[in-house]
Amino acid sequence: MELGLVGLGKMGGNMRERIRRAGHTVVGYDRNADLADVHSLEELVGKLSGPRVVWVMVPAGAATQSTIDELAELLDPGDVVVDGGNSRWTDDEKHAKELAAKGIGFVDCGVSGGVWGLENGYALMYGGDAENVAKVQPVFDALKPKGDFGAVHAGKVGAGHFAKMVHNGIEYAMMQAYAEGWELLEKVDSVTDVREVFRSWQEGTVIRSWLLDLAVNALDEDEHLDKLKGFAQDSGEGRWTVEAAIDHAVPLPAITASLFARFASRQDDSPQMKMIAALRNQFGGHAVEKK
């Protein structure tokens with residue numbers, strides 16, 4: 001099939017390549033002309049045959065809103081817009097309503113995979129009407145990992161981004177647990193090789209995971225994380241998870257504590273946040289602050 005892809009940064013650029021490897025045509029647009037296949041959204045839409053599918057991979061909020069507003073004026077009834085960025089699920093409902101007024105479908109898709117997705121595939125959580133999802137299905141199949149898992153039609157519009165938000169909240173808590181354990185091991189005199197303790201957990205233990213593998217990668221690059229500042233950003237989805245928990249009276253003590261730990265990192269040079277920063281850099285290519 002043909003796909004228009006808006007936003008060719010760390011995620012979008014690799015997604016374009018993976019979709020092309022699956023045999024599909026991708027027309028990409030980015031404000032950085034060096035990355036783009038076309039010079040405008042209008043040119044992108046003009047190069048696609050109907051019914052068109054345009055996938056948006058730009059920052060949540062104003063950038064996504066302005067892109068969808070412009071596409072609403074360029075696309076035709078029966079076309080579909082996919083928001084694959086990290087938008088809040090409540091924005092999805094607004095975007096779907098605005099596009100539906102013009103006969104244009106909308107699908108929201110949470111995407112996980114970071115800088116490793118090109119080779120390993122991307123975990124996909126999408127929401128929307130079955131009719132619109134079906135128009136995008138070949139792209140979902142191209143992006144997902146091999147095998148039976150890694151993609152889900154999570155429900156109605158907004159369900160994809162809500163599922164991805166909860167995924168990221170769990171990710172916060174898991175990273176925090178590894179970071180706390182690492183700091184405690186580093187503190188005691190009796191443990192003389194913390195890195196190898198972490199490495200030993202990669203097989204046969206109940207806490208083995210891809211995040212653990214990435215922690216070992218980070219320690220191989222910088223054994224005591226001496227090169228990093230103990231500072232970790234939050235992308236916003238952790239906050240949204242906690243806010244949703246409050247709205248629905250669901251207790252989330254581990255996820256909430258992990259979010260607050262990141263806030264604490266901005267006040268002091270936290271050893272735990274060195275590990276959080278290292279893990280975010282490993283799986284997502286997120287920037288780290290060096291000493």
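Here are some worked exercises on a predicted model of a protein chain.

## Exercise 1: The two domains

Work out how domain 1 and domain 2 are laid out, and which residues supply most of the area that domain 1 buries.

**Solution.**

Step 1. Start with the bounds: domain 1 covers 2-156, and domain 2 covers 165-271. Their C-alpha centres are 31 Å apart.

Step 2. Look at who touches whom. Seven residues on the domain 1 side are in contact with nine on the domain 2 side.

Step 3. Now put an area on it. The size of an interface is often given as the accessible area lost when the parts come together. Here the two domains bury about 720 Å² between them, and 63% of that is on carbon and sulfur atoms. On the domain 1 side, Arg88, Trp89 and Trp116 supply 60% of the area buried against domain 2, more than any other three residues.

## Exercise 2: Polar links across the interface

Find the salt bridge that crosses from domain 1 to domain 2, and say how buried or exposed each partner is.

**Solution.**

Step 1. Count first. The rule finds one salt bridge across this interface, and two residue pairs are in polar contact. As for the residues on the domain 1 side that touch domain 2, two are nonpolar, four are polar and one is charged.

Step 2. Pick out the partners. Side chains of opposite charge can pair when their charged atoms come close. In this model the pair is Arg88 and Glu243, with 2.9 Å from N to O. Arg88 sits in the loop between E4 and helix H4 (89-100) while Glu243 is in helix H10, so the bridge ties together parts that are 155 residues apart in sequence.

Step 3. Check accessibility. Arg88 has a relative accessible area of 19%, so it falls under the 20% cut-off and is buried. Glu243, at 34%, is partly exposed.

## Exercise 3: One arginine, two aspartates

Which aspartates form a salt bridge with Arg52, and which parts of the chain do they link?

**Solution.**

Step 1. Take Asp76. Its closest approach to Arg52, N to O, is 2.9 Å. Arg52 is in the loop between helix H2 (41-46) and strand E3 (53-56), and Asp76 is in the loop between helix H3 (62-74) and strand E4 (80-83), 24 residues apart.

Step 2. Take Asp79. It also bridges to Arg52, again with closest N and O atoms 2.9 Å apart. Asp79 lies in the loop between H3 and E4, so this pair ties together parts that are 27 residues apart in sequence.

Step 3. Sort them by exposure. Arg52 is buried at 15% relative accessibility, and Asp79 is buried as well. Asp76 is partly exposed, with 37%.

Step 4. Zoom out. The structure holds 18 salt bridges. Elsewhere, bridges that share partners join Arg195, Glu196, Arg199, Asp220 and Glu223 into one network.

## Exercise 4: Met175 and Lys227

Decide whether Met175 and Lys227 are buried or exposed, and list what each touches beyond its sequence neighbours.

**Solution.**

Step 1. Locate them. Met175 is in helix H7 (residues 159-187). Lys227 is in the loop between helix H9 (210-221) and helix H10 (237-248).

Step 2. Read off the accessibility. Met175 comes out at 0%, so it counts as buried. Lys227 comes out at 51%, so it clears the 50% cut-off and is exposed.

Step 3. List the contacts, leaving out residues up to four places away in sequence. Met175 touches Leu211, Arg262, Ile276, Leu279, Arg280 and Phe283. Lys227 touches Glu221, Asp222, Glu289, Lys290 and Lys291.

## Exercise 5: Backbone oddities

Find the cis peptide bond, then the positive phi values at Leu225 and Ala249, and place each one in the chain.

**Solution.**

Step 1. The cis bond joins Gly50 and Pro51, with omega about -10°. Pro51 is in the loop between H2 and E3.

Step 2. Leu225 has phi near 55°, a positive value in a residue other than glycine. Leu225 is in the loop between H9 and H10, and with a relative accessible area of 1% it is buried.

Step 3. Ala249 also has phi near 55°. Ala249 is in the loop between H10 and helix H11 (253-265), and at 70% relative accessibility it counts as exposed.

Definitions and conventions:
Residues numbered from 1 in each chain as written. Predicted model: local features only at pLDDT ≥ 70, side-chain atom pairs only at ≥ 80, totals over all residues. Heavy atoms only, no water. Domains from an automatic or database assignment. Contact = heavy atoms within 4.5 Å. Buried area = accessible area lost by both parts, 1.4 Å probe. Salt bridge = Lys/Arg side-chain N within 4 Å of Asp/Glu carboxyl O. Polar contact = N/O pair within 3.5 Å; in protein donor to acceptor, adjacent residues only side chain to side chain. Nonpolar A, V, L, I, M, F, W, Y, C, P; charged D, E, K, R; others polar. Helix = DSSP H or I, 4+ residues; strand = E, 2+ residues; numbered from the N terminus. Buried < 20%, exposed > 50% of the residue type's maximum accessible area, 1.4 Å probe, protein only.
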